[in-house]
Protein chains: 2
Amino acid sequence: MARRRSNPLALAVLECLSEKPMHPYEISATLRTRGKEQSIKLNYGSLYSVVESLAKQGLITAQHTTREGRRPERTVYTITEAGQAELEDWLSELLSTPTREYTSLEAGLSLVGALPPDEVAQLLDTRIVALRIELGALERAEEICAEMKLPELFSIESQYRHALLTAELDFVQDLLTRIRKGTLGGSKLWRRTHELRAEGMSFDEIMADPVGHLGEEARALLPREEQS
Amino acid sequence: MARRRSNPLALAVLECLSEKPMHPYEISATLRTRGKEQSIKLNYGSLYSVVESLAKQGLITAQHTTREGRRPERTVYTITEAGQAELEDWLSELLSTPTREYTSLEAGLSLVGALPPDEVAQLLDTRIVALRIELGALERAEEICAEMKLPELFSIESQYRHALLTAELDFVQDLLTRIRKGTLGGSKLWRRTHELRAEGMSFDEIMADPVGHLGEEARALLPREEQS
DNA sequence: ACCCTGATACTCGACTTCGAGTAATCGAGT
DNA sequence: ACTCGATTACTCGAAGTCGAGTATCAGGGT
C-alpha cells in the first residue's frame, strides 16, 4: 500500500480509466492524441510498471485479457471505487498544494560561478534564442487549437507553460544585461576569481585571503567572526 | 561510460571537487551550508551512488580512505581532468539549452477537467494562499542575504525561483477569475459534464452525442469528419 | 505475390532513486 | 561521571525509471 504519489503518469492512468475500461496501450494512445504527453512524461516501461503498481494497490483491477491471433494479449483494466477516490484526492492535492520543483536551469544557476562571466553571457544568449523559438512554436500550437475551436479547458496546461516560459525569458534577458553591464552583485569577484584560476592559483589559496585577492565584495565569504 | 547527465547532484559533486578534494559527507555538508540543496535535490542514498557512478566513469578518483577511531571510513575523492571538462560542458548545456520540465501543476492542469469547476476554484484559492506564503518566505530570505552583504552571484537561483513563483501566482489568479466568471472557453461544457455524471450518466453515453448533451462547445470533440 | 512501412502491444534488465537504518563520536548540561 | 541529543559518516534493499528490443499484423505500393 505504498501510495507514494510520485509519478503523475499514474494519475493520468486513473483519469483515463475513470472514463472507461482500457488496456495499457490504449491508455498511452489516448494520452498521446490528447497531447497530454506534453505535460506528463510517458514511456512504455513506466506505463506498465505504474499500471501494475496501481493494480497491486487495489486502485484498478484487471477485467479480462483478450488475444487476437497470435498477437500479445491485451489486459483490460477497470478503475475501482478506491481508485476513483484516489484520483480525486490526488488531483486535488496537485492543484491546491505547491511543491518544491527542481528545474535544470535553477540547478545550473546555483553553480553558475564555476564558469567565467563572459562564457555564461554567451550561453544565456544561446538560451534566449532557443526560448524564443519554443515560445513561437507554443503560440502557433495555440492558434491551431483556436482554429479547431477546441475549448480552452483542454489546453490550460499549455497556457501555463506559456506563462512560465515567458517568465523565464524575461528573467534570463534581465540577468544577461546585468552580467554584461557588470551591475550584478559580485561581478568583480566573479571575474577576478576566474582570472586567478586561469593563472594557476588554487581555490584554497584564493580562499585563504579572499578580501586580499578578490576585493571587498568577498568579505561576506569569510566566517562571521572574522568579518571585523 | 553511460554519461546520462540525469541527476544534477552529480554536477554539484563535480563542482565541489573542482574546489578541493572531499569525501562525500563533506560534499553534502558544503552544499547544505551554501543553500544549494534548495536548488538541487540531495539525499544520502543518491549522493553515494552518484559518486560511485562518477568514479566508474573516470570523472573522479578515490584518493585515499582514512579512518579515525572506529568510525566509518571516509573516502576522499579528487576530480580528474575528464571530470573538470565534464563539469564545464554539462554546466554549459544546462545554461544554454532549455529542456522540457514536467511540473506537477502542469500535470494537474492537464487533467483538471476530471474535477468540477467549483471544486477546482476552491483548490486554486488554497494554492494562492500557499504561494503568497512561499513568496513571502523567499523575500525574507533575500533580505537576509542582502543584510549579510552576500553578493547576488551566489543567490541568482533564488531570484529565478522568485520570478517563476510570481509568474505562477499571476497565472493562477487569472485562471481563477476566468473560472469564476465563466469566461474560460469550455466552462459550460465542463459544468454540464459533471452535472450529468453526478446524475449517473456514463462517460460513453455523454460522448455518444456530445453536442446534444453538452451544447455547441462540444462540437470540437467530435472526429473531424462529423463536425459538419 | 512480395515487400516495406507503420501501428499494435508489450517485455526485459540495467541503472537510479530514496529514505530509513546503523553506528560511532562530540559536547553541553546536570 | 553521566546521559542525551546532535553531528558525523555511510549502507542497504525495495521500488521506480528508462528505452531499446521483440513479435505480430494491416495496408499500400510494385
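# Exercises on a predicted two-chain model

At 1.5 Å a residue, the 31 residues of H6(A) should span 45 Å, and the end C-alpha atoms of H6(A) are indeed 45 Å apart, which agrees. The exercises below extend this check. The structure is a predicted model, in which local features need pLDDT of at least 70, side-chain atom pairs count only at pLDDT 80 or more, and totals for chains, interfaces and linings use all residues. Residues are numbered from 1 along each chain as its sequence is written, while chains are lettered from A and ligands numbered from 1 in the order in which they are written.

## Exercise 1. Helix H6 of chain A

Task: State which residues of H6(A) are buried and what covers them.

Solution.

Step 1. Fix the terms. Helices (H or I, at least four residues) and strands (E, at least two) are DSSP runs, numbered from the N terminus. The expected span of a helix is 1.5 Å times one less than its number of residues. A residue is buried if 20 or more other C-beta atoms lie within 10 Å of its own, exposed if 12 or fewer, and partly exposed in between, with C-beta atoms placed from the backbone.

Step 2. The buried residues of H6(A) are Pro117(A), Val120(A), Leu123(A), Leu124(A) and Arg127(A).

Step 3. The cover of these buried residues includes H7 and H8 of chain A together with helix H4 (81–96) of chain B.

## Exercise 2. Leu131(A)

Task: Determine whether Leu131(A) is buried or partly exposed, and list the residues that Leu131(A) touches.

Solution.

Step 1. Leu131(A) is found in helix H6 of chain A.

Step 2. With 19 other C-beta atoms within 10 Å, Leu131(A) is partly exposed.

Step 3. Two residues are in contact if their C-beta atoms, placed from the backbone, lie within 7 Å. Not counting residues up to four places away in sequence, Leu131(A) touches Leu165(A), Glu168(A), Leu169(A), Val172(A) and Pro98(B).

Step 4. By contrast, the C-alpha atoms of Leu131(A) and Thr177(A), 46 residues apart along the chain, are separated by 17 Å.

## Exercise 3. The loop between H6 and H7

Task: Describe the backbone and the surroundings of Lys149(A), and then those of Ser155(B).

Solution.

Step 1. Lys149(A) lies in the loop between H6 and H7 of chain A.

Step 2. Most residues other than glycine have a negative phi. Phi of Lys149(A), however, is near 60°, a positive value in a residue other than glycine.

Step 3. Lys149(A) is partly exposed, with 13 other C-beta atoms within 10 Å.

Step 4. In chain B, Lys149(B) is found in the loop between helix H6 (117–147) and helix H7 (156–181). Phi of Lys149(B) is near 60°, and Lys149(B) is partly exposed, with 13 other C-beta atoms within 10 Å.

Step 5. Ser155(B) is found in the loop between H6 and H7 of chain B. With 24 other C-beta atoms within 10 Å, Ser155(B) is buried. Not counting residues up to four places away in sequence, Ser155(B) touches Cys145(B) and Leu150(B).

## Exercise 4. Helix H8 of chain A

Task: Compare the length of H8(A) with the expected value, and locate its buried residues around the axis.

Solution.

Step 1. H8(A) has 12 residues and reaches 17 Å from its first C-alpha to its last, close to the 16 Å expected at 1.5 Å a residue.

Step 2. Leu189(A), Trp190(A) and Thr193(A) are the buried residues of H8(A). They cover an arc of only 105° around the axis, which puts them on the same side of H8(A). This arc is that of the directions from the helix axis to the C-beta atoms.

Step 3. An α-helix has 3.6 residues a turn, so residues three or four places apart point the same way.

Step 4. What covers the buried residues of H8(A) includes H6, H9 and helix H10 (210–214) of chain A.

Step 5. Just after H8(A), Gly200(A) takes a positive phi of about 100°.

## Exercise 5. The two chains

Task: Characterise the interface and the relation between chain A and chain B.

Solution.

Step 1. In total, 70 residues of chain A are in contact with 70 residues of chain B. H7(A) gives the most to the side of chain A that touches chain B, with 9 residues.

Step 2. The residues of that side divide into 39 nonpolar, 14 polar and 17 charged. Here Ala, Val, Leu, Ile, Met, Phe, Trp, Tyr, Cys and Pro count as nonpolar, Asp, Glu, Lys and Arg as charged, and the others, Gly among them, as polar.

Step 3. A turn of 180° and a shift of 0.0 Å along the axis lay chain A on chain B with an RMSD of 0.0 Å. That is the relation of a two-fold axis. Copies are superposed by least squares on the C-alpha atoms of residues with pLDDT of at least 70 in both.

Step 4. Of the interface residues of chain A, 100% are also interface residues in chain B, so the copies meet through the same surface.
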